[in-house]
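Student: Please take a close look at one charged side chain in this structure and at the pairing it takes part in. I should then like the account to widen, step by step, to the rest of the chain.

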Amino acid sequence: MKPENMSNTVKFVLLGLSDDLHLQPILFGLFLSMYLVTVLGNLLIILAICSASHLHTPMYFFLSILSLADICFVSTTVPKMIVDILTHNRVISYVSCLTQMSLFINFGCMDDMLLTVMAYDRFVAICHPLRYNVIMNPKLCWLLVLLSFLISVLDALLLTSMVLQLSFCTNLEIPHFFCELNHLLKLACSDILINNILVYLVTGLLGVVPLSGIIFSYTQIVSSVLKIPSSVGKYKAFSVCGSHLIVISLFYGTGFGVYLSSTGTHSSRKSAIASVMYTVVTPMMNPFIYSLRNKDMLRALWKLITRITSFLSCQMLLLL
């Protein structure tokens, strides 16, 4: 079928994680709770940073943008999956499928870019502390966020326009719970050699370059921290970077794990289950990692929760 005729006729079927009817209520409850925890946790991080003046620094500014990107990232896939389980309808239109794929690539790349920017922020803070406020000024912070967003949008547009040129025939079943690029390429009737080469080049470039920047930043950070004579100073420096390192390890570790599982196994369902780690679990864990290891964040969250509780209590009393 020609690409221009597919938008109204082609429909894909998302097979999900399991066909077992007995597992559907469990999957529904599990993913609904994980989604709510992810959205609520990241939203609390954003509100805490906005409400606490002492958190108006570049590090927390980037963290709030990362939390927003995580909410958008998980919202591209999980709500559709929850609705599919609830309605027992796994069909998704051609336009909706490509839109979901494009948004998923966009916010996934945005996470990658922001983690690199945050690594650069920590590098400047520890290796050039006296010039930190001059270098990481508000103008540069917004510029880095805008640049990250533009790169992510261009990445999504490039890969989506590539898929738009493909034609699809029969057997449009996707063994996944969302429209994932590699699975769409496998369903295409067209020759996908050039497409695969482009995907590997783009993902390699946007994966290797940011990771190289992160590794470089942290080698310089470790080198600078080791020169600090005080053990207390070393502990403070490492504790500041600890949360970010855990999130980076979780993001790249689960990403590489999914890639290895998809290449090492013939079962697409197993690959789909493994992908839950980086599509759902990682965004859910980020608020816990950043808040539990950070006393300033914990204090800001506690004040915010106290304010919200007091406000709700007053509203309840007024209603009564």
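Tutor: A suitable starting point is Lys80, which is partly exposed, with a relative accessible area of 23%. The class follows from the cut-offs, because buried requires a value under 20% and exposed a value over 50%. The model is a predicted one, and the values below are computed from it.

The partner of Lys80 is Asp84, with which Lys80 forms a salt bridge; the closest N and O atoms are 3.0 Å apart. Both residues belong to helix H3 and are separated by four residues, about one turn of the helix. The accessibility classes of the two partners are not alike: Lys80 is partly exposed, whereas Asp84 is buried, at a relative accessible area of 6%. Side chains of opposite charge can pair when their charged atoms come close.

The structure holds three salt bridges. One of them joins Arg90 to Asp19, with 3.2 Å between the closest N and O atoms. Arg90 sits in the loop between helix H3 (78-87) and strand S2 (91-93), and Asp19 in the loop between strand S1 (11-14) and H1, so this pair ties together parts of the chain that are 71 residues apart in sequence. Arg90 counts as partly exposed at 23% relative accessibility, while Asp19 is exposed at 53%. Another salt bridge is that of Asp121 with Arg122, where the closest N and O atoms are 2.8 Å apart. Asp121 is buried, with a relative accessible area of 1%, and Arg122, at 8%, also counts as buried.

A covalent link may be set beside these charged pairs. A search of the whole structure finds one disulfide. Cys97 and Cys179 form it, and their sulfur atoms are 2.0 Å apart. The torsion about the S-S bond is about -125°, so the disulfide is left-handed. Distant parts of the chain are linked in this way: Cys97 lies in helix H4 (residues 94-127) and Cys179 in the loop between strand S3 (173-174) and helix H7 (181-187), 82 residues apart. Cys97 is buried, with a relative accessible area of 0%, and Cys179 is buried at 1%. By contrast, Cys50 is in no disulfide, the nearest cysteine sulfur, that of Cys72, being 14 Å away. Cys50 counts as exposed at 53% relative accessibility, and Cys314 as partly exposed at 44%.

The nonpolar interior comes next. In soluble globular proteins, nonpolar side chains tend to be buried together. Here the largest nonpolar core has 45 residues, and those with the most contacts inside it are Phe62, Leu63, Ile221 and Met297. Elements that give two or more residues to this core include H1, helix H2 (58-75), H4 and helix H6 (138-164). Its largest share, 11 residues, comes from H4. Apart from this core lies another, of 29 residues, among them Cys109, Ala156, Val163 and Ala188. Leu63 touches Ile45, Ile49, Met118, Tyr290 and Met297, when residues up to four places away in sequence are not counted.

Helix H1 has been named as one of the elements contributing to the largest core. The buried residues of H1 include Leu27, Phe31, Met34, Ile45 and Ile49. The length of H1 can be checked against expectation: at 1.5 Å a residue, its 28 residues (24-51) should span 40 Å, and the end C-alpha atoms are 40 Å apart, which agrees.

Finally, the whole chain. Its secondary structure comes to 11 helices and three strands. From the N terminus on, the elements run β-α-α-α-β-α-α-α-β-α-α-α-α-α. The radius of gyration is 22 Å, close to the 20 Å that the globule rule gives for 320 residues, so the protein is as compact as a globular protein of that length. The C-alpha trace spans about 65 × 60 × 35 Å along its principal axes. Of the 320 residues, 47% count as buried. Among contacts between residues at least 6 apart in sequence, 79% join residues at least 24 apart. Against that background, the pair of Lys80 and Asp84 lies within one helix, H3.

Terms used
Residues are numbered from 1 along each chain as its sequence is written. This is a predicted model: local features need pLDDT of at least 70, side-chain atom pairs count only at pLDDT 80 or more; totals for chains, interfaces and linings use all residues. Side-chain values use heavy atoms; hydrogens and water are left out. A disulfide is a pair of cysteine sulfur atoms within 2.5 Å. Buried means under 20% relative accessible area, exposed over 50%, partly exposed in between (1.4 Å probe, protein chains only). The expected span of a helix is 1.5 Å times one less than its number of residues. A nonpolar core is a set of buried Ala, Val, Leu, Ile, Met, Phe, Trp, Tyr and Cys residues joined through side-chain atoms within 4.5 Å. Contact means heavy atoms within 4.5 Å. A salt bridge is a side-chain nitrogen of Lys or Arg within 4 Å of a carboxyl oxygen of Asp or Glu. The radius of gyration is taken over C-alpha atoms; the globule rule is 2.2 Å times the number of residues to the power 0.38.
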